[in-house]
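Me: Could you take a close look at one part of this model for me? I'd like to hear about the helix packing, both inside a chain and across the interface.

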Protein chains: 2
Amino acid sequence: MIEGTTSHPSGEDVRMRGFSRRTTVEAALAWLDARLETLQSEPVPLSEAAGRVLAGNVQSQVDVPGFDRAMMDGYAVVAADTLGASAYNRLPLEIVGQVLPGQPLDRAIKKGQAARIMTGAPLPEGADAVLPAELTEADGGRVYARGELSPGKHVGKQGEDISAEAVVLAASRRLRPQDIGVLSSIGVAQVEVVRRPRVRLVVTGDELLPPGSTPRGCQIADSNSPMLAALVGRDGGVAVSSGIVPDQPEAILAAMRDEADIILVSGGSSVGQEDYAPRLLAQHGELAIHGVAMRPSSPAGMGQLDGRLVILLPGNPVSCLCAYDFFAGRAIRALAGRDKDWPHRRVKLPLSRKLVSVVGRVDYARVKLEGKSVQPLAISGASVLTSTTRADGFVIIPANSEGQPEGTEVEVLLYD
Amino acid sequence: MIEGTTSHPSGEDVRMRGFSRRTTVEAALAWLDARLETLQSEPVPLSEAAGRVLAGNVQSQVDVPGFDRAMMDGYAVVAADTLGASAYNRLPLEIVGQVLPGQPLDRAIKKGQAARIMTGAPLPEGADAVLPAELTEADGGRVYARGELSPGKHVGKQGEDISAEAVVLAASRRLRPQDIGVLSSIGVAQVEVVRRPRVRLVVTGDELLPPGSTPRGCQIADSNSPMLAALVGRDGGVAVSSGIVPDQPEAILAAMRDEADIILVSGGSSVGQEDYAPRLLAQHGELAIHGVAMRPSSPAGMGQLDGRLVILLPGNPVSCLCAYDFFAGRAIRALAGRDKDWPHRRVKLPLSRKLVSVVGRVDYARVKLEGKSVQPLAISGASVLTSTTRADGFVIIPANSEGQPEGTEVEVLLYD
């Protein structure tokens with residue numbers, strides 16, 4: 001087990017009495033980051049590729065456009081024919097046809113000739129410019145040029161958007177809507193993207209009823225599974241639930257060993273008699289971190305089992321959210337090939353009240369935005385999930401800080 | 001047709017020669033906004049509710065927790081029994097049982113008694129406080145209290161998170177992962193959310209091949225359909241494609257009348273001979289706006305057909321993206337119950353070069369972020385979709401601006 005540089009065997013929380021030393025958030029992140037590798041790729045159809053991460057560079061096999069084309073409605077002409085043309089010196093050209101997008105002219109344009117052309121239509125052979133309609137006067141089978149053109153004027157050249165062999169989009173890019181458009185334009189119907197991590201949710205607790213059950217007696221409905229599933233989805237993973245796992249070592253171990261790329265265990269992460277997950281991890285794999293100098297979620301932990309990462313999240317829902325956001329989300333984003341940094345939008349605004357913290361631990365302080373200021377929420381405990389739904393976001397207070405006085409500008413990470 | 005206050009019958013683009021007056025972006029948005037209404041609701045299971053918009057307030061039918069519970073591991077006691085207890089005055093209590101989460105004690109605690117209790121377990125009848133394990137010394141069937149407690153200490157009261165009858169989440173809220181957790185905790189397994197708008201994509205153009213086809217001859221692969229489908233998904237809609245619709249009035253009209261909540265027509269939006277959509281809209285419904293004082297996408301338009309909104313997007317992919325972002329995305333977000341404002345993340349940074357515009361039209365200028373500055377991209381035309389994939393975002397230059405000099409701080413809307 002890694003020992004942190006900051007030790008807090010304090011009595012603030014009796015569940016912690018077994019953590020002789022707590023790992024710093026910094027050390028926990030360093031351990032985690034050293035073990036994060038982007039997953040392999042899989043092909044997906046273009047229609048499902050938005051938001052996915054490119055596994056490799058995409059090189060075009062074709063020019064886009066694949067032909068010279070008109071950039072305006074008007075007439076395809078030989079530019080030299082317009083030499084000296086003006087409103088006072090109209091030069092006549094013979095109209096020999098019409099070109100529409102996708103419908104090329106069946107003949108070449110010769111000197112003295114013109115073809116009606118629409119924006120996007122292929123420039124006929126022989127023509128080298130487009131005379132805009134407003135610079136013309138048509139008269140039966142003839143059109144009069146009323147202005148001069150240089151060669152190439154109002155022509156979109158073959159390959160001006162994308163030239164063959166060019167790298168159009170680079171590996172690791174998260175695909176945007178317009179990227180999907182570009183891929184389509186170069187004939188890519190299927191694209192290699194990073195596989196979505198399969199995230200096993202192992203939620204333990206004999207007091208839990210299935211998500212959405214009406215609570216009864218001293219049983220409570222599982223709120224962590226559906227919350228975690230939504231978080232995993234946000235971060236590009238696919239949640240795979242093991243249901244509610246009984247507080248029995250064999251059942252928990254079996255669930256932790258089930259098919260997945262990464263395992264999140266919620267509940268039973270501390271040092272009490274029913275906290276099996278850390279012991280199982282130590283016994284059958286590696287319990288690298290257990291107890292982190294942070295609040296909430298100090299009972300968080302992490303390790304490896306059968307070569308896969310296991311993140312231990314406290315069962316209290318706020319702690320669970322916090323530990324997910326600090327560690328699990330980061331790991332899932334990295335496996336998915338995304339930026340592993342916080343995905344939240346950020347704003348910087350002054351505090352309307354002082355924000356209190358304790359040196360030696362990182363705080364995850366829920367805050368509300370009030371107009372142009374940040375109001376810390378009074379928090380009764382890690383068990384009150386509504387403290388995170390009343391909040392607009394959170395402020396991370398580093399371990400070396402005692403908090404911030406009123407008026408200090410702080411960075412808020414917004415809940416989306 | 002609404003006539004804008006700004007008229008631009010200029011020759012900058014011959015396709016525009018038919019737009020005798022162009023509507024201002026402001027007037028176009030006002031017309032659109034006056035016609036946007038949130039769709040009706042539909043029930044969805046909790047597992048599919050993240051990111052959806054609540055159709056009504058959610059009121060809890062239950063207290064959460066539904067019972068008083070221990071907030072620490074320790075002993076459930078009668079607080080009065082600890083009066084005067086300290087390390088130097090240990091007071092003995094008889095251990096009469098153990099309480100685990102979900103497993104209540106089968107008896108009441110009387111004066112002089114204690115029960116082992118785990119965090120989250122229901123406080124036994126008769127007990128009114130939890131004595132943390134660290135303030136105790138156990139000795140066979142007895143435990144010694146080494147500290148004093150006030151009633152209620154380390155007890156989470158019934159309803160402290162959520163009390164019955166309380167409005168837990170308000171209508172119009174976009175559901176976050178923790179909201180899903182809260183809904184689960186109050187026994188909500190299914191939730192009423194705003195229906196996703198069904199967005200009909202009517203992409204026209206005889207020169208188009210299906211998305212992802214290898215371009216050949218003077219045909220190009222449709223890049224707008226897959227791009228629009230991704231944009232619609234981003235904004236909370238469901239894209240329904242009519243495939244590539246031939247440039248024939250009957251086919252376009254039939255597609256525009258097909259099942260949908262809103263219709264996006266891409267291509268054929270201008271005033272050329274093959275631009276059927278505006279004429280069809282004017283003839284069979286209402287063509288309210290046609291031609292907007294903006295660049296790109298000046299041939300954009302909008303109206304109504306059979307009581308549904310129809311947005312006309314130019315076929316050029318950059319114009320299509322721009323008109324989507326200004327008008328269609330806004331409408332879709334509003335139908336979906338979301339904030340109709342731009343969904344993009346924003347940063348404010350100084351320009352590394354001047355950003356040129358023309359008074360009288362709104363510009364959608366693609367820019368790149370270079371370190372801590374904003375670099376306008378040289379754009380060859382609205383047809384070059386890679387100008388939007390090379391860009392990191394865009395700057396909107398208002399109609400009354402001639403642009404901004406180097407060094408001016410501008411707001412960039414980031415492509416995600």
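Reply: First, a bit of vocabulary: a crossing is left-handed if the near helix is turned anticlockwise from the far one by less than a right angle, and right-handed if clockwise. Keep in mind too that this is a predicted model.

With that in hand, start inside chain B. There, α3(B) passes α6(B) in a right-handed crossing. The two helices, residues 224–234 and residues 317–335 of chain B, pack at an angle of about 30°, with their axes 11 Å apart. Angles under 35 degrees count as roughly parallel, so α3(B) is roughly parallel to α6(B). On the α3(B) side, the residues that meet the partner are B:Asn224, B:Met227, B:Leu228, B:Leu231 and B:Val232. Facing them from α6(B) are B:Pro317, B:Cys320, B:Leu321, B:Tyr324, B:Gly329 and B:Ile332. By class, that contact comes to 9 nonpolar and 2 polar residues, with no charged ones.

α6(B) has another helix to deal with, namely α1 of chain B (residues 25–33). The axes of α1(B) and α6(B) come within 11 Å and cross at roughly 20°, and the pair is therefore roughly parallel. This crossing is right-handed as well. Here B:Val25, B:Ala28 and B:Leu32 of α1(B) meet B:Phe326, B:Phe327, B:Arg330 and B:Ala331 of α6(B). The tally for this contact is 6 nonpolar, no polar and 1 charged.

Now step across to the other chain. Helix α3 of chain A (residues 224–234) packs on helix α2 of chain B (residues 177–185) at an angle of about 160°, with the axes 7 Å apart. Angles over 145 degrees count as roughly antiparallel, so that is what α3(A) is to α2(B). Their crossing is right-handed. From α3(A), the contact draws on A:Asn224, A:Pro226, A:Met227, A:Ala230, A:Leu231 and A:Arg234. From α2(B) come B:Pro177, B:Gln178, B:Ile180, B:Gly181 and B:Ser184. Sorted by class, the residues of this contact are 6 nonpolar, 4 polar and 1 charged.

That helix pair sits in a wider interface, where 83 residues of chain A are in contact with 83 residues of chain B. On chain A, the elements that each supply at least two residues to the side touching chain B are α2 (177–185), β15 (220–221), α3, α6 (317–335) and α7 (386–390). That side of chain A divides into 38 nonpolar, 29 polar and 16 charged residues.

How do the two chains relate? Chain A can be laid on chain B with an RMSD of 0.1 Å by a turn of 180° and a shift of 0.0 Å along the axis, which means the relation is that of a two-fold axis. In chain A, the C-alpha nearest that axis belongs to A:Arg345, 3.6 Å away. And because 100% of the interface residues of chain A are also interface residues in chain B, the copies meet through the same surface.

As for confidence, the model scores ipTM 0.91 and pTM 0.92. Chain A has a mean pLDDT of 92, with 94% of its residues at 70 or more. One stretch to treat with care is residues 1–17 of chain A, where the pLDDT is below 50. Beyond near neighbours in sequence, that stretch still has 49 contacts in the model. Where pLDDT is low, though, the predicted coordinates should not be read in detail.

Conventions. Residues are numbered from 1 along each chain as its sequence is written. Chains are lettered from A and ligands numbered from 1 in the order in which they are written. This is a predicted model: local features need pLDDT of at least 70, side-chain atom pairs count only at pLDDT 80 or more; totals for chains, interfaces and linings use all residues. pLDDT is the predictor's confidence in each residue, from 0 to 100. Two residues are in contact if their C-beta atoms, placed from the backbone, lie within 7 Å. Copies are superposed by least squares on the C-alpha atoms of residues with pLDDT of at least 70 in both. Axes are lines fitted to C-alpha atoms, for helices over the stretch in contact, and angles run from 0 to 180 degrees between N-to-C directions. Helices (H or I, at least four residues) and strands (E, at least two) are DSSP runs, numbered from the N terminus. Angles under 35 degrees count as roughly parallel, over 145 as roughly antiparallel, 65 to 115 as roughly perpendicular and the rest as oblique. Ala, Val, Leu, Ile, Met, Phe, Trp, Tyr, Cys and Pro count as nonpolar, Asp, Glu, Lys and Arg as charged, and the others, Gly among them, as polar.
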